[in-house]
Amino acid sequence: MGETQPQPSSLTGVQESVTAALGLERDAELMLRVRDGCTASFQLLLERHRGPVVHFLYRMVQNQAVAEELAQDVFLRVYRSRATYEPSAKFTTWLFRIATHRALNFIRDGRHEKGHQSLDDEIGDGMARQVEDKSSTVEQNMLKEVRLQEVRNAIEALPAKQKAAVLMHKYQELDYSQIAGALECSESAVKSLLFRAYESLRARLAHLDATGTKES
Amino acid sequence: MAEPNRKQYYNRQFQMNHCPLASGEENVDILLDYCNRTLDPALVDIFEKHMEVCSACRAFSESQMAVWDALDAFEALPVSPDFDHKLMARIAREEESPWRRMWNKMTAGGTAIWRPLVPVAAALVLAVGLWMRNSGPEAATVADSQLDAEQVETALQDMEMLRQLTINEPATQQKM
Ligand SMILES: [Zn+2]
């Protein structure tokens with residue numbers, strides 16, 4: 001199956017106004033339809049969230065194959081929970097809570113380090129795919145690669161919870177309350193995690209200027 | 001994310017009587033949002049005036065903005081084209097299992113009256129699974145029941161996560 005094409009919503013105008021009147025977010029409405037047996041709604045949820053979840057997990061574990069495996073578990077767990085789903089919490093927060101759990105468990109169990117040696121090829125491949133730009137010179141591509149490696153190393157060096165907070169903040173654009181929900185802590189704790197994480201990142205990365213070269 | 005939800009956060013009242021950097025981590029969001037270019041424009045003006053006289057905030061902002069831009073280098077890779085296909089195949093396999101069918105029946109309909117009894121139902125499914133594992137002679141069903149017991153357990157964990165989220169969310173929002 002190729003990148004799945006967005007499918008037209010099965011909601012009618014009337015149903016959409018009812019949804020709006022009830023103040024239900026779109027994801028919650030879709031999830032309730034999944035609960036009632038609508039597989040197409042699950043497919044729509046998947047289309048909306050597949051990318052963000054895989055991307056978050058990829059940056060957490062820095063391995064695309066593992067990230068996709070973990071993301072499969074996340075969506076499977078969402079599907080399994082459909083019968084008891086209640087739209088009382090923001091769907092995205094719940095989804096990222098499950099994703100964060102999976103990533104933190106994976107890192108905690110040490111599968112991350114154990115697999116590191118064999119993951120090197122995959123990481124190298126991912127790097128090459130990211131920096132390869134045919135319009136750039138060899139030197140520019142090398143600079144990009146150095147920059148990317150520094151960024152990856154700096155993120156990798158963060159404690160797991162700080163890493164999760166930064167990734168949700170920087171790349172997934174979740175707000176502080178959503179990050180707090182996903183990490184099961186207060187917003188104050190999230191701010192503290194972010195403060196410490198960015199402090200470490202500034203120490204390691206602030207010397208890189210916008211072109212990726214090191215400032216003297 | 002498909003729908004970044006930061007905007008509503010920025011309506012918070014903010015007094016620049018103190019340096020946000022010196023007034024504790026509670027106000028670090030002002031600095032971070034400024035550097036991420038997502039701070040309310042009204043607050044941007046106030047903060048920029050403050051930075052004219054505060055070298056600490058100025059230095060923080062410069063290095064934080066450099067980091068913010070540097071992090072853009074870490075792009076995500078495209079998701080494999082067969083991701084959905086694999087997932088739907090896993091779901092289809094799982095739905096065929098007799099344990100899953102039993103679980104689905106117990107939780108079907110989504111009627112609120114059933115929901116408090118779901119943990120009891122899950123315990124029942126688990127107990128029957130364990131009993132079958134211990135008494136059944138077929139090696140193949142042992143693996144199946146272990147798998148299904150795990151599935152029921154994870155479904156329960158996810159429900160618990162959602163329940164905790166429901167309890168915690170109003171409290172978190174009040175803090176904003
Ligand atoms: Zn200041």
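This report describes a predicted model of two protein chains and a zinc ion, moving from the chains as wholes to single residues.

Residues are numbered from 1 along each chain as its sequence is written, while chains are lettered from A and ligands numbered from 1 in the order in which they are written. Because the model is predicted, local features need pLDDT of at least 70 and side-chain atom pairs count only at pLDDT 80 or more, whereas totals for chains, interfaces and linings use all residues, and side-chain values use heavy atoms, with hydrogens and water left out.

## The two chains

Chain A holds 11 helices and zero strands, and chain B holds seven helices and, again, zero strands. Here helices (H or I, at least four residues) and strands (E, at least two) are DSSP runs, numbered from the N terminus. The table sets out totals for each chain; in it, a residue is buried if its relative accessible area is under 20%, exposed if over 50%, and partly exposed in between, with a 1.4 Å probe and protein chains only. Contact means heavy atoms within 4.5 Å, and accessible areas come from the Shrake-Rupley method with a 1.4 Å probe, where for residues only the protein chains shown count as cover.

| Chain | Buried residues | Contacts at separation 6 or more that join residues 24 or more apart | Accessible surface | Carbon and sulfur share of surface |
|---|---|---|---|---|
| Chain A | 56% of 216 residues | 62% | about 9000 Å² | 53% |
| Chain B | 41% of 176 residues | 56% | about 9800 Å² | 58% |

## The zinc site in chain B

Which residues of chain B coordinate the zinc ion? The donor atoms are SG of B:C19, NE2 of B:H50, SG of B:C54 and SG of B:C57, at distances of 2.1 to 2.3 Å. Donors are N, O and S atoms within 2.8 Å of the metal (3.2 Å for Na, K and Ca), and since water is not among the atoms, sites may look incomplete. Along the sequence, the spacing of these donor residues is C-x30-H-x3-C-x2-C.

The angles among the four donor atoms run from 101 to 116°, and the site is tetrahedral, a term used for four donors if all angles lie between 85 and 135 degrees. For four tetrahedral donors, the ideal angle at a metal is 109.5 degrees. Two of the donor residues can also be described by their cover: B:H50 is buried, with a relative accessible area of 13%, and B:C54 is buried as well, at 12%.

## Helices of chain A

Helix α4 of chain A covers residues 64-80, and its 17 residues reach 24 Å from the first C-alpha to the last, close to the 24 Å expected at 1.5 Å a residue; the expected span is 1.5 Å times one less than the number of residues. This helix is mostly covered, with 15 of its 17 residues buried. At its start, a side-chain oxygen of A:N63 comes to within 3.1 Å of the backbone nitrogen of A:A65.

Helix α9 of chain A is largely enclosed by the rest of the structure, because nine of its 11 residues are buried. Among them are A:Q162, A:L167 and A:K170.

A:K170 lies in this helix, which spans residues 160-170, and is buried at 7% relative accessibility. What does the side chain of A:K170 reach in chain B? The side chain of A:K170 reaches the backbone oxygen of B:W68 at 3.1 Å, and also makes a polar contact of 2.6 Å with the side chain of B:D72. A polar contact is a pair of N or O atoms within 3.5 Å; within protein, one must be able to donate a hydrogen and the other to accept it, and residues adjacent in sequence count only if both atoms are side-chain atoms.

A:R152 is found in helix α8 (residues 138-156) of chain A and is buried, with a relative accessible area of 1%. The side chains of A:R152 and A:Y58 are joined by a polar contact of 3.2 Å.

## Two loop residues with positive phi

Most residues other than glycine have a negative phi. A:E184, however, has a positive phi near 55°; this residue sits in the loop between α10 (176-183) and α11 (187-205) of chain A and counts as partly exposed, at 36% relative accessibility. In chain B, the phi of B:R37 is positive too, near 60°, and B:R37 is placed in the loop between α1 (28-35) and α2 (41-53).

Notes
Four donors count as tetrahedral if all angles lie between 85 and 135 degrees; four count as square planar and six as octahedral if opposite donors are over 155 degrees apart and all others between 65 and 115; anything else is irregular.
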